[in-house]
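Hi,

Here is the structure I promised to pass on. My notes on it follow below, so have a look at it first and then read on.

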Amino acid sequence: MDEPRTITRERMRTPRAAGVAGIAFSLLLGGALLLARLAVPAAADANTIWLTDSAKRRSVEVALSLVPFAGIAFLWFIGVIRDRIGELEDRFFATVFLGSGLLFVAMLFVGAAIAGGMLTDPGIRAGVTTDPGQWDLERRITFALINTYGIRMAAVFILSVTTIGIRTKILPRWLVVSGLVAGLVLLIGTSVSTWANLVMPVWAFLFSVDILVRNRLSERAIEG
């Protein structure tokens, strides 16, 4: 009787750790988005003025340093979703959610890498650039990668996970509704305001908390 009980407990540790990673992802990505959004102005004609402010420039540097850790945590987050789906996994929707999740991380990394490269401009601390045209092009590419393509991949990820949850009935109703709303906001809302990007880490936080709560209830049931 001890062996099955030990195996069950071992299986419970991975989702719990991955659930914590999902919360870590939401906090890291949310922090990075907030720091960058508060430091960098939305107006295109003011895109280099903030560079003369050392505090704002430092905020962007910190935000970019958080991105790799957020991406690593997100990969663990994908793992907890697949673990929770288990044998009920639908190959079609599972492929969509896995592909969109990996594309989201890839675009987030590339966008952050380009932004980080922009900050190495020799004249950056003086608030000027050696090539204003190149700076503007790189800024637009970064914006498109993260706020246009990357965030929409995040929307597809959320909608596909929500669809899987509906088909397998593994998600509570409130999480299904919040997932549908979050996906639609990310698909449409980012064209209105970049603040909508924060919907992704908020949804991931709620999803991870639900995973941890349900895991805890399952463990209590087994121990009882």
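**What I found**

Setting aside neighbours within four places in sequence, Thr 142 is in contact (heavy atoms within 4.5 Å) with Gly 111, Ile 114, Ala 115 and Met 118. Thr 142 lies in helix 4, and at 12% relative accessibility Thr 142 counts as buried. By buried I mean under 20% relative accessible area, by exposed over 50%, and by partly exposed anything in between (1.4 Å probe, protein chains only).

Before going further, a word on the basis of all this. This is a predicted model, in which local features need pLDDT of at least 70 and side-chain atom pairs count only at pLDDT 80 or more, while totals for chains, interfaces and linings use all residues. Residues are numbered from 1 along each chain as its sequence is written, and side-chain values use heavy atoms, with hydrogens and water left out.

**Confidence**

The average pLDDT (the predictor's confidence in each residue, from 0 to 100) is 80, and 75% of the residues score at least 70. Among the elements, helix 5 has the highest mean pLDDT (92) and helix 1 the lowest (72). Please take care with residues 1-12, where the pLDDT is below 50; beyond near neighbours in sequence, this stretch has seven contacts in the model.

**Overall picture**

The protein has six helices and zero strands; both are DSSP runs numbered from the N terminus (helices: H or I, at least four residues; strands: E, at least two). Of its 224 residues, 42% count as buried. Among contacts between residues at least 6 apart in sequence, 80% join residues at least 24 apart. The accessible surface (Shrake-Rupley method, 1.4 Å probe; for residues, only the protein chains shown count as cover) comes to about 12,000 Å², and 66% of that surface belongs to carbon and sulfur atoms.

**The core**

The largest nonpolar core has 43 residues. Such a core is a set of buried Ala, Val, Leu, Ile, Met, Phe, Trp, Tyr and Cys residues joined through side-chain atoms within 4.5 Å. Phe 104, Phe 157 and Met 200 have the most contacts inside this core. Helices 1 to 6 each supply at least two of its residues, and the largest share, eleven residues, comes from helix 2. Not counting residues up to four places away in sequence, Phe 157 touches nine residues that you can pick out on screen: Phe 74, Phe 77, Ile 78, Ile 81, Phe 97, Ser 100, Gly 101, Met 200 and Trp 203.

**Helix 5**

Helix 5 has 16 residues and reaches 23 Å from its first C-alpha to its last, close to the expected 22 Å (1.5 Å times one less than its number of residues). Which of its residues are buried? They are Leu 175, Val 176, Gly 179, Ala 182, Gly 183 and Leu 186. Seen down the helix axis, these buried residues fall within an arc of 130 degrees (taken from the directions from the axis to the C-beta atoms), so they line one face of helix 5. The face turned away from that buried side carries the exposed residues Arg 173 and Ile 188.

**Two more buried residues**

Trp 135, in helix 4, is buried, with a relative accessible area of 4%. Trp 135 and Met 118 are 17 residues apart in sequence and 7.0 Å apart in space, C-alpha to C-alpha. Asp 210, in helix 6, is also buried, at 8%.

Best wishes
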